[in-house]
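Let's take a friendly walk through a protein model, one piece at a time. Keep the picture open beside you and look up each residue as it comes along.

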Amino acid sequence: MRRSSSGSVRAGAASAISEMSYELGVALGIALLGTVHTVLYRAGLPDLSALGDATREAVTESLAAGTPALAGTGEQGTLILAAARDAFTHGMQITSLVAAALLLLAALTAWKVIPSDRRS
């Protein structure tokens, strides 16, 4: 939209601004949704005080880091791993709902703000 409404002399600047805005939006979106997921994952973890420091740090960091760290911890590790998987899944589900809500908000904002010839 921005590029087509500008003159040919300013097309390069308009394209650069459009591209920069897109990249900034992507980076901020990933940061926001990643933070939401991490907070939800960590909040859903069970009590990890019985684990060693390195194992506890790995499980708290991410499911990918926690899975191999819990491999040799016996039945307790198996239970914690199952709870960590549940926390990860729950965090992903809520994060997906947040992303859908933000997408809906963006669509409604665009519908209201961007002029259209079809509306009277």
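Serine 62 is a good place to start: with a relative accessibility of 23%, serine 62 counts as partly exposed, because the partly exposed class runs from 20% to 50%. Keep in mind that you are looking at a predicted model. You will find serine 62 in the loop between helix 2 and helix 3. From there to glutamate 75 is 13 residues along the chain, and the C-alpha atoms of the two are separated by 20 Å.

**The two salt bridges**

How many salt bridges does the structure hold? There are two. The idea behind them is simple: side chains of opposite charge can pair when their charged atoms come close.

One of the pairs joins glutamate 61 and arginine 42, whose side chains meet with an N to O distance of 4.0 Å. This pair links distant parts of the chain, since glutamate 61 sits in helix 2 and arginine 42 in helix 1, 19 residues apart.

In the other salt bridge, arginine 56 pairs with aspartate 53, and their closest N and O atoms are 2.3 Å apart. Both residues belong to helix 2, and because they are three residues apart there, about one helical turn separates them.

How exposed are the four partners? The table shows the values.

| Residue | Relative accessibility | Class |
|---|---|---|
| Glutamate 61 | 52% | exposed |
| Arginine 42 | 39% | partly exposed |
| Arginine 56 | 27% | partly exposed |
| Aspartate 53 | 58% | exposed |

**Helix 1**

Now follow helix 1, which covers residues 11-44. Its 34 residues, at 1.5 Å a residue, should span 50 Å, and the end C-alpha atoms are 49 Å apart, so expectation and model agree.

Which residues of helix 1 are buried? They are Ala14, His37 and Tyr41. Among the elements that cover these buried residues are helix 2 (53-61), helix 3 (63-69) and helix 4 (74-113).

Helix 1 also has something to show on the surface. Valine 26 lies in this helix and counts as partly exposed, because its relative accessibility is 32%. Together with Tyr22 and Ile30, Val26 makes a nonpolar surface patch of about 310 Å².

**Helix 4**

The same length check works for helix 4: its 40 residues should span 58 Å at 1.5 Å a residue, and its end C-alpha atoms are 58 Å apart, which agrees. Its buried residues are Gly77, Ile80, Leu81, Ala84, Ala87, Gly91 and Thr95. What do the buried residues of helix 4 pack against? They pack against helix 1 and helix 3.

Let's finish with one residue of helix 4, threonine 95. Is threonine 95 buried or exposed? Its relative accessibility is 7%, so threonine 95 counts as buried, because the buried class takes in values under 20%. Leaving aside residues up to four places away in sequence, threonine 95 touches Leu33, Val36, His37 and Leu40. His37 was met earlier, as one of the buried residues of helix 1. Threonine 95 also has a polar partner: a polar atom of its side chain lies 2.7 Å from the backbone oxygen of glycine 91. Glycine 91 is itself among the buried residues of helix 4.

Terms used:
Residues are numbered from 1 along each chain as its sequence is written. This is a predicted model: local features need pLDDT of at least 70, side-chain atom pairs count only at pLDDT 80 or more; totals for chains, interfaces and linings use all residues. Side-chain values use heavy atoms; hydrogens and water are left out. Helices (H or I, at least four residues) and strands (E, at least two) are DSSP runs, numbered from the N terminus. The expected span of a helix is 1.5 Å times one less than its number of residues. Buried means under 20% relative accessible area, exposed over 50%, partly exposed in between (1.4 Å probe, protein chains only). Contact means heavy atoms within 4.5 Å. A polar contact is a pair of N or O atoms within 3.5 Å; within protein, one must be able to donate a hydrogen and the other to accept it, and residues adjacent in sequence count only if both atoms are side-chain atoms. Patches are made of residues with over 30% relative accessible area and no salt bridge: like charges are joined within 9 Å, nonpolar side chains (Val, Leu, Ile, Met, Phe, Trp, Tyr) within 5 Å. Accessible areas come from the Shrake-Rupley method with a 1.4 Å probe; for residues, only the protein chains shown count as cover.
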